[in-house]
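Visitor: Please give me a close look at one part of this chain: the places where charged side chains pair up, and the loops around them. I'm new to this, so take it slowly.

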Amino acid sequence: MANALLKPQFLIVCGLSAALVSCSGEGAGNSGATRFVSIQPIQVCDDLGIFCADLATFEEATRKIWAQANLDVSFLAPNRLNASRFLSIDNQDEFAELSFAGGAGAFGRSPLSTRTSGPISMWFVESIFPSEGLETLGLGWIDQNGVLIDDDILTFNNGIGRLDTVAHEIGHNLGLTHEGLGAGGVNNLMTDGGFRNSPSSLDDINPDGARIDQLTDRQIDEARNSGFAGTAPASSADSAAMEIPTTLPPLSAAPDALPWVPPPKVTPVTDLALLPEAAFAATAQAPEPIPNGPAMTLLTAVLLAGYLRWQPRGR
């Protein structure tokens, strides 16, 4: 965070050994014609626009990682959202509001963005789910538009930074998960951050050096077929920076916002992927039997027969 005091770090870093995995089955980088993915960075600041989260795009590393899929990732001029309440994202409701509420261009999003087409909206914030006790460095919807980046990725690995978090979260928007399509190995880009090797420099990123942040052929195919991967680059005319006013639309005002029901528990991890919000819809409950329904018919008949049997009869 720019112009802010240092805060304690609570990063859980697991599985970051130098172990290498076999490169068999990994993408070779020859994936057909180049496709284009545009990112709209959005720097979140306080209401006055004085204190802001740092922009930590790691653009060079991100572009190299996705080059193996022949995806050209470009970053538009950043927008600025002056809204203190979004400097810290405390729950999924707030992330859903940023991602889906309001009309075109709300909350710093590109006016061209939709839920399933780009540019991808990427907010840079001071913290993500701080009350969970662990530092969540990134958050992304699976197969829908929206990414959060905690600016603490800049201080990761003794100040080198977590070079691949931005690329990892873009992968979620492109439809990739922590386990599917070959993810899970320590050198795979989409493996959970607590179990994924982290590059210390561009020279560690696949296809060079330690070959970290690989993608399988199946992951490459999935990403390239995403609605966020276009056949032409974004127009430079659409990339002029904007400063978003502090008057924000409420969640309920969004004509395209679906009802949001959070899951019962969120597990904080280094890179947390979220399903689209429709997946959190409450499960329909079976109807309760009514007292005078068919289940009571036999009991009612027995009681009535017993009552009539013991009634006095006229002579």
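**Charged pairs and the loops around them**

Guide: Let's start with Arg63, which is partly exposed at 34% relative accessibility. Here buried means under 20% relative accessible area, exposed means over 50%, and partly exposed is in between, using a 1.4 Å probe and protein chains only. Before we go on, keep in mind that this is a predicted model, where local features need pLDDT of at least 70, side-chain atom pairs count only at pLDDT 80 or more, and totals for chains, interfaces and linings use all residues. Residues are numbered from 1 along each chain as its sequence is written, and side-chain values use heavy atoms, with hydrogens and water left out.

Now for Arg63's partner. The side chain of Arg63 meets that of Asp72 in a salt bridge, 3.0 Å from N to O. That term means a side-chain nitrogen of Lys or Arg within 4 Å of a carboxyl oxygen of Asp or Glu. The idea behind it is that side chains of opposite charge can pair when their charged atoms come close. Asp72 is partly exposed too, with 26% relative accessibility. By this rule, the count comes to six salt bridges.

Another one is the pair of Lys64 and Asp208, whose side chains meet at 2.6 Å, N to O. This pair reaches across the sequence: Lys64 sits in helix H1 and Asp208 in the loop between H3 and H4, 144 residues apart. Helices (H or I, at least four residues) and strands (E, at least two) are DSSP runs, numbered from the N terminus. How accessible are the two partners? Lys64 is partly exposed, because its relative accessibility is 21%. Asp208, at 34%, is partly exposed as well.

Stay with that loop for a moment, and look for Leu202. Leu202 lies in the loop between helix H3 (165–173) and H4. With a relative accessible area of 26%, Leu202 is partly exposed. Contact means heavy atoms within 4.5 Å. If you leave aside its neighbours within four places in sequence, Leu202 is in contact with Glu60, Ala61, Lys64 and Leu163. So Lys64 turns up again, this time as a contact of Leu202, and its salt bridge to Asp208 is the one we just met. Try Ile65 as well: Leu202 and Ile65 are 137 residues apart in sequence, yet 9.2 Å apart in space, C-alpha to C-alpha.

The loop also has a bend worth finding on your screen. The peptide bond from Asn206 to Pro207 is cis, with omega near 15°, and Pro207 belongs to the loop between H3 and H4. You can find another cis bond from Gly118 to Pro119, with omega near 5°. Pro119 is in the loop between helix H2 (92–100) and strand S5 (120–125). As background, most residues other than glycine have a negative phi, and most peptide bonds are trans. Asn70 goes against the phi habit: its phi is positive, about 55°, although Asn70 is not a glycine. Asn70 is found in the loop between H1 and strand S2 (71–75).

Last, a pair tucked away from the surface. The side chains of Asp164 and Arg196 meet in a salt bridge of 3.1 Å, N to O. Asp164 is in the loop between strand S8 (147–150) and H3, and Arg196 is in the loop between H3 and H4, so the pair ties together parts that are 32 residues apart in sequence. Both Asp164 and Arg196 are buried. The story doesn't stop with two residues, as salt bridges that share partners join Arg162, Asp164, Arg196 and Asp213 into one network.

Now zoom out. The chain has five helices and 10 strands. Of its 315 residues, 47% count as buried. The long reach we saw in Lys64 and Asp208 has a counterpart across the chain: among contacts between residues at least 6 apart in sequence, 77% join residues at least 24 apart.
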